[in-house]
Amino acid sequence: MTRAGNDSRRRFLATSALGVIGLGLAACTGGTETDDPAVDAPTEADIGFCTDMSLHHEQALAMCQRVLGSDTGGSVQNAAAELLQNQSYERGTMHAWLAAWGRSTAPPTEVMGWMGMGMPAAEMPGLATDAQMQELAVAEGTEKGRLFLTLMRAHHVGGVHMADAAVEMAGLEEVRRLAARMSAQQTYEISLYDTLLSSTYA
């Protein structure tokens with residue numbers, strides 16, 4: 001691994017540790033996204049965001065599963081492991097809220113109507129195509145790592161767009177707080193992927 005790759009990995013690990021600490025602190029304090037938001041009535045934006053972002057997260061988790069344990073190099077392995085942990089937690093939180101609201105947790109066929117830009121689920125911004133997911137599954141080595149970073153970067157751009165809309169439009173504070181954290185985390189990860197794509201995985 002190059003010096004740039006090592007530096008990127010050290011920065012990623014340091015930030016990962018801070019993220020884990022932050023989750024621990026959130027669990028010990030009041031007013032977090034783990035509070036029960038069912039005490040207030042959710043708006044269309046609350047329900048739509050949680051439904052649509054859960055679907056968006058499902059593909060990110062599938063991408064991680066396609067690269068973990070492969071020979072992509074430590075930077076991508078660390079990125080995928082961190083992403084799998086964070087987005088599994090977030091998806092579980094959103095599904096718990098939807099269940100508390102008496103709403104379905106099944107994948108939607110139409111998405112983003114709550115944003116005023118409804119479309120078929122397959123056309124959601126940031127989602128990789130079936131062909132791209134298959135390509136990721138069969139790629140090897142540095143090529144697999146580069147493809148993961150490229151696809152996940154595009155995926156995050158779509159995710160940040162949706163999360164930022166929820167920060168503005170969601171009715172429940174807990175939903176807005178979770179969306180803001182997603183936006184900040186994914187924006188950071190985009191910058192990390194850019195660093196890796198310009199160095200180790202160029």
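What follows is a conversation between a student and a tutor about reading one predicted model.

Student: Before we start, what kind of model is this, and how are its residues numbered?

Tutor: It's a predicted model, where local features need pLDDT of at least 70, side-chain atom pairs count only at pLDDT 80 or more, and totals for chains, interfaces and linings use all residues. Residues are numbered from 1 along each chain as its sequence is written, and side-chain values use heavy atoms, with hydrogens and water left out.

Student: How many helices and strands are there in the protein chain?

Tutor: Helices (H or I, at least four residues) and strands (E, at least two) are DSSP runs, numbered from the N terminus. Here you'll find six helices and two strands, and from the N terminus on the order is α-α-α-β-β-α-α-α.

Student: What share of the residues counts as buried?

Tutor: Buried means under 20% relative accessible area, exposed over 50%, and partly exposed in between, using a 1.4 Å probe and protein chains only. Of the 202 residues in the protein chain, 45% count as buried.

Student: And how do I read the contacts along the chain?

Tutor: Contact means heavy atoms within 4.5 Å. Take the contacts between residues at least 6 apart in sequence: 79% of those join residues at least 24 apart.

Student: Let's look at helix pairs. At what angle do α3 and α6 cross?

Tutor: Axes are lines fitted to C-alpha atoms, for helices over the stretch in contact, and angles run from 0 to 180 degrees between N-to-C directions. The axes of α3 (residues 74-100) and α6 (residues 173-197) come within 12 Å and cross at roughly 165°. Angles under 35 degrees count as roughly parallel, over 145 as roughly antiparallel, 65 to 115 as roughly perpendicular, and the rest as oblique. So α3 and α6 are roughly antiparallel to each other.

Student: Which residues meet there?

Tutor: Among them are L83, Y89 and W97 in α3, along with L178, M182 and Y193 in α6. By class, this contact of α3 with α6 has 10 nonpolar, six polar and four charged residues. For those classes, Ala, Val, Leu, Ile, Met, Phe, Trp, Tyr, Cys and Pro are nonpolar, Asp, Glu, Lys and Arg are charged, and the others, Gly among them, are polar.

Student: How do α2 and α6 cross?

Tutor: Their axes come within 11 Å and cross at roughly 35°. D46, F49, M53 and H57 of α2 make the contact with V175, A179, M182 and Q186 of α6. The classes there are five nonpolar, two polar and one charged.

Student: How is a pair of aromatic rings described?

Tutor: By the distance of the centres and the angle of the planes. Rings of Phe, Tyr and Trp (its six-membered ring) pair if their centres lie within 6.5 Å; planes under 30 degrees apart are stacked, over 60 edge-to-face, and the rest tilted. The structure holds two such pairs. In one of them, the rings of F49 and W114 have centres 6.1 Å apart and planes at 80°, so the pair is edge-to-face. F49 sits in α2 (residues 44-67) and W114 in the loop between β1 (110-111) and β2 (119-120), 65 residues apart.

Student: Are those two buried or exposed?

Tutor: F49 is buried at 0% relative accessibility, and W114 is buried at 7%.

Student: What about M112, in the loop between β1 and β2?

Tutor: M112 has a positive phi of about 65° although it is not a glycine. M112 is also buried, with a relative accessible area of 1%.
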